[in-house]
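Me: Could you take a close look at one part of this protein with me? I am new to this, so please explain the terms as you go.

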Amino acid sequence: MATTFRAAMAPCKRAVRTSKGRRTRLAVRAEPGGPQPASTTQWTKLMPLDEVPPGTRKLFSYGGLSLMLFWYRNELYCVESRSPAEGAYSEGFQDALLSQEYTIECPTTKTTFDIRTGKIMDWYPDNPALAFLTPKDTCRDLVVVKVKTDDEAVYIDATDERFQGGQSPTKGGYDTSIETNNVFGLEPKMYVEGRSPGELEPDRPMVDTKKLSPATLAVSTVAIAVLAVTGTAVCLYYENLVALGFFWITGFSIVAYFIVQFASEGTEDGM
């Protein structure tokens, strides 16, 4: 008759032979006082604790990531500063809402993320059509970084593989999806019509403004202003609106003519 032996703790199966020659499985578990795997966490001092007073949020950069510290139920948490559910123009989590279920809400899409694991909890809750067109699997999880505090400072887990360049900072763009192909986050390249993309526009000659001294410019401006006010006052005194319109059209034309002439002379000299 086969007998099964059991102990409490982590499983480790081994085949044994009974008195009748049949094999059975013996479950052997490690005792609580046995050797445990060494922790790989390396805590590095990030900043003094008084830089993040309770109830506040603080943006900072570390290891190439843009991160945010915030308090939740008297504990300090650290997540990336922008929502992975948003596109290139993310307003960030600085004013985002927190729920009673340990989630933070994307300001634009209302998608919620677990602040402990980064998992997506509610995907586009207010827009079922967009949730269907852009499935939940197209968005990666929220970056969550381990932090701890003592009476004086905030410490961060410096061994996080994302600090070694494994994941680019979340600042919006195409890499906000799990496949780094978020077309809604692409910024189109612009170029001048009639030119090939990447072709630089030739330098244009600069107008030499040194010919116009500040004194000449000031006197001309005052003279034009006096003339405009005087002419307008005279036309209004005689209630001649036709003359007023003609006066302003003529005045603007003369000023525009001199400006064009001055710009043309400067361009010719620059060439």
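Reply:
**A small sheet and the cores**

Let's start with one pair: Glu 105 has Thr 112, in β8, as its bridge partner. Strands here are DSSP runs of E with at least two residues, numbered from the N terminus. This is a predicted model, in which local features need pLDDT of at least 70, side-chain atom pairs count only at pLDDT 80 or more, and totals for chains, interfaces and linings use all residues. Residues are numbered from 1 along each chain as its sequence is written, and side-chain values use heavy atoms, leaving out hydrogens and water.

β7 is joined to β8 (residues 112–114) by 3 bridges, and the two run antiparallel. Two strands pair if DSSP finds at least two bridges between them. Now add β9: the 3 strands form an open antiparallel sheet, in the order β7-β8-β9. β7 (103–105) and β9 (120–122) are at the edges with a single partner strand each, so one side of each has no neighbour in the sheet.

Next comes the largest nonpolar core, which has 19 residues. Such a core is a set of buried Ala, Val, Leu, Ile, Met, Phe, Trp, Tyr and Cys residues joined through side-chain atoms within 4.5 Å, where buried means under 20% relative accessible area (1.4 Å probe, protein chains only). Among those with the most contacts inside this core are Ile 104, Phe 113 and Phe 70. β5 (65–72) and β6 (75–80) each give two or more residues, and β5 gives the most, with 3.

A second, separate core of 17 residues includes Leu 46, Phe 60, Val 147 and Ile 156.

Key. Buried means under 20% relative accessible area, exposed over 50%, partly exposed in between (1.4 Å probe, protein chains only). Helices (H or I, at least four residues) and strands (E, at least two) are DSSP runs, numbered from the N terminus.
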